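Dear colleague,

Here is the structure I said I would pass on. My notes on it follow below.

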Amino acid sequence: MSDLDLAAMEQDIVIVGGGMVGSVLAHALSRDGWRVTVLERATKGHSPSFDHRLTALSDASWRYLDDIGLIDSAADRRAQPICEVRVTDHGHFGMTRITTANNGGVALGRVMGNRALGEAIERARERSGTSGAIHMLQPAGYLGHQLEGTGTAGRIRVDIDYQGSSHTLTARLLIAADGAGSTVRAATEVPVATQAYGQTAIVCTALPARAHHGVAFECFTRGGPLAILPAPDGRVSVVWVNRDEQVSELTHLSDEDFARRLDHLFRHRLGGFSQLTPRHAYPLNLVTAQDLIEDRLVILGNAAHALHPVAGQGFNLCLRDVRDLAVHLRADRGEFVDPGDPARLAAYAEQRRSDYRRTIGLTDRLVRGFSLDLPGLGMVRGAILSAFDGLVPAKNRLVRLTRGL
C-alpha cells in the first residue's frame, strides 16, 4: 500500500491493537462486510500477544471461534481438551471436581498456544477471502483522534505513525483493543480503577512425568493460586502465582530447582516436571475502565478489563466482548448501519456491564477468599470445597457462569 493510498483510505472501522483480541475482532467484523483497518505496533510476526504462552479457552469460546471460521483441522490438532478440573486448597482437606458431566457431556474447554491461534487466524483469512476487507498496518501506532461532523455524517479522524511517517485515517468507528495500558483509553481520559494484587504470575510449560489425561488443576496456596493445565503433546501449562516479594528468588532458580519446588508444592500429583520452557513473570492488577464507549469509540478486551488469571477468565471475557459487539453492529434485513450509532454502542455497553460484574466479581472473590490466612479458615475452605463437590446443580451453574451464560 502506498502512502497516497493510505492517506486517502476511508474505512468503516479502525482497530488499535492487532493482538489476539484485535485480530479475532477484525476477522469477525470483516465476515459481516465491514472494512477494517488494524493498527499494530509490532512488526509482522513479532506481536507480543502471539507469544510462547498458552490460553485456556472455555467451551463457549471454542464454539464461538469455530462459528466464525477460525477452527480448522490444524487448529483442532493443536488444542488439548479439558476433561476435568480439580480445585484444592494447599495443605487442607477437600476437593471440588468439575467434569464433562457438568457441561452436557462435552469438554469443559481447550488449551491452545497463542501462536497456534495466530496461525489459525491467518489461515482463515486466506480461506475466506476476507483479507481484502482487512488492512493490517504494522508497525503502526495510534497518535490521537478527532471527531468530525454529526449524526450519520459523522466521522472520526485517527492520526497514526506508520512505518515512521505520520498519516491520518478516516473511519466511522474507532475501537481500542490495545491492552491494559491502552494509549487510546489514556487519550480519551476515561476513568480507570486499578487495584494491585501484590502478586506476580510465573508462566512456563513443562513435561510431566505422568500423563495429565486432560485434567486441569487449580491449587490455592498461601502465595496465590497454582494452575497446571493440560497442554498439547503431553505437556502442561504452568501458571504459578506468588507474592511479589517471592518472585525474584523463584525466577533465578535453575530449571531443575524450580521444577523440584513446583513438584513439592503440587504434592507430586504428576510425578515431577522436566523440559521447562523459559519462565516469564507478569505482575497482576485488576484494571477496569469506568466507561466502555465514547462518541464513535469502543473500549474492549484488556483495555476495558484486565483480570487476575485465576479460573482462566481473561481472554474468554474478551471474546465475549468481540462476539457481542459484532452482533450489535450487524445489519438487520439489509438496513443501513452506522457502526458509530450511539444507540447501538450504548446497547452493547449495557449488555457487557452485567457480564463484567459477574466475572470480575467471581475472580476477585476467589483470589481474596483463598488468600486470607487466618486461624481455622483453611478448615472452613476445605469443608466448602467438599460440600460444593456434592452439589451437582451448583457445579453446573458455575460452569455456565464461567462460560458467560
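**Notes on the model**

S47 has a relative accessibility of 14%, so it counts as buried, the cut-off for buried being under 20%. Please keep in mind that this is a predicted model.

S47 sits in the loop that links β2 (36–39) with β3 (54–58). Apart from neighbours within four places in sequence, the residues in contact with S47 are G18, G19, E40 and A42.

L39 belongs to β2, which spans 36–39. With neighbours within four places in sequence again set aside, L39 is in contact with V14, I15, V16, G17, G18, L137, A140, V158, I160 and L169. G18 thus appears in the contact list of S47 and in that of L39.

The largest nonpolar core has 91 residues, and L39 is among those touching the most other members, along with I15, L29, L174, I175 and L300. There is also a second, separate core of 22 residues, with V215, I228, L250 and F273 among them.

Next, the sheet. β3, the strand after the S47 loop, is part of an open sheet of 3 strands in the order β3-β7-β4, paired antiparallel. β3 and β4 (79–82) are its edge strands, each pairing on one side only. On average, neighbouring strands of this sheet are turned by 25° against each other, direction ignored.

β4 and β7 (residues 109–113) run antiparallel and are joined by 4 bridges. Q80 has V111 in β7 as its bridge partner. Helix α5 (residues 114–128) packs on the sheet, where it touches β3 and β7, and its direction makes about 90° with that of β7.

Regards

Key:
Residues numbered from 1 in each chain as written. Predicted model: local features only at pLDDT ≥ 70, side-chain atom pairs only at ≥ 80, totals over all residues. Heavy atoms only, no water. Helix = DSSP H or I, 4+ residues; strand = E, 2+ residues; numbered from the N terminus. Buried < 20%, exposed > 50% of the residue type's maximum accessible area, 1.4 Å probe, protein only. Contact = heavy atoms within 4.5 Å. Pairing = 2+ DSSP bridges. Axes fitted to C-alpha atoms, helices over the stretch in contact; angles between N-to-C directions. Core = buried A, V, L, I, M, F, W, Y, C linked by side-chain atoms within 4.5 Å.
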